[in-house]
Amino acid sequence: MLMRMMTGLVVCVAVLVVASAFGVLHRRRSGRVRVRGRDEGKRLGAAELGGDLGERATLVQFSSAFCAPCRATRRILGEVADLVPGVAHVEIDAEAHLDLVRELQILKTPTVLVLDAGGRVVRRATGQPRKADVIAALGEAV
C-alpha cells in the first residue's frame, strides 16, 4: 500500500516538472522576433496583403476574431508604424485568407511578419511581441 502511494507521488511530481518546464519554455519563446529559415526568399505584395507596402517596411499581422493578444498586438504595431516614418501596418484575418496562412506556415495568432520595402520577409514573431523587439526588428528591414 505504501509502495503504491509513493509511486503515485513520484508520477505526480514528474508530471508537474515536465509541465512546468514546457510552460516556461513556451512563455520565453512566445512573442520573440526571430529569423526563420523557411521565410528566406518569400515576398508579399499589395495583392496578397490587401493593402500597400510601406515605403521602408511593412508590419504584417495575422489575427483571428477571438484572439485576445491580437488586440494588444494591433495597438503595439500601430504605435510603431506611427512612430517610424515609412512603416505601414497591415492586419490580415487568418480565417479569411487560409491559402496565404498555409503558404506562410502561420500556426497561431497573432503572428507578425516584418517585410522590407520590397516585400521580402526578414523577421517573424509568434505571439504578442514587445514594442522594443518590433522596433529592433525594423532595423534589419529598413
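How are H3 and H5 oriented to each other, roughly parallel or oblique? To answer this for the structure above, which is a predicted model, it helps to begin with how such a pair is described: two packed helices are characterised by the angle between their axes and by the distance between those axes. In this model, H3 and helix H5, which covers residues 131–141, pack with their axes 10 Å apart and at an angle of about 45°. Angles under 35 degrees would count as roughly parallel and those from 65 to 115 as roughly perpendicular, and H3 and H5 are therefore oblique to each other. The crossing of these two helices, H3 and H5, is right-handed.

The residues that bring the two helices together can be named. From H3 come Ile-76, Leu-77, Glu-79, Val-80 and Leu-83, and these meet Lys-131, Val-134, Ile-135 and Leu-138 in H5. Sorted by class, this contact of H3 with H5 holds seven nonpolar residues and two charged ones, with no polar residue.

From the helix pair we can move to the nonpolar interior. The largest nonpolar core has 15 residues, and those touching the most other members are Leu-59, Val-80, Val-87, Val-114 and Leu-138. Two or more residues of this core are given by each of E2, H3, strand E4 (111–116), strand E5 (121–126) and H5, and the largest share, four residues, comes from H5. Leu-59 shows how this core is joined: leaving aside its neighbours within four places in sequence, Leu-59 is in contact with residues including Leu-77, Val-80, Val-87, Val-114, Val-134 and Leu-138. Apart from this core lies another one, made of 14 residues, among them Val-60, Ile-92, Ile-106 and Val-121.

The loops deserve a careful look as well. Phe-66 sits in the loop that runs between strand E2 (57–63) and helix H3 (68–83), and because its relative accessibility is 83%, Phe-66 counts as exposed. Although Phe-66 and Thr-109 are 43 residues apart along the chain, their C-alpha atoms are separated by 9.7 Å.

Thr-109 also takes part in a special bond, since the peptide bond from Thr-109 to Pro-110 is cis, with omega near -5°. Pro-110 belongs to the loop between helix H4 (98–104) and E4, and Gln-105 lies in the loop between H4 and E4 too. Gln-105 is not a glycine, and yet Gln-105 has a positive phi of about 55°. With a relative accessibility of 35%, Gln-105 counts as partly exposed.

Conventions:
Residues numbered from 1 in each chain as written. Predicted model: local features only at pLDDT ≥ 70, side-chain atom pairs only at ≥ 80, totals over all residues. Heavy atoms only, no water. Buried < 20%, exposed > 50% of the residue type's maximum accessible area, 1.4 Å probe, protein only. Axes fitted to C-alpha atoms, helices over the stretch in contact; angles between N-to-C directions. Parallel < 35°, antiparallel > 145°, perpendicular 65-115°, else oblique. Left-handed = near helix turned anticlockwise from the far one by under 90°. Contact = heavy atoms within 4.5 Å. Nonpolar A, V, L, I, M, F, W, Y, C, P; charged D, E, K, R; others polar. Core = buried A, V, L, I, M, F, W, Y, C linked by side-chain atoms within 4.5 Å.
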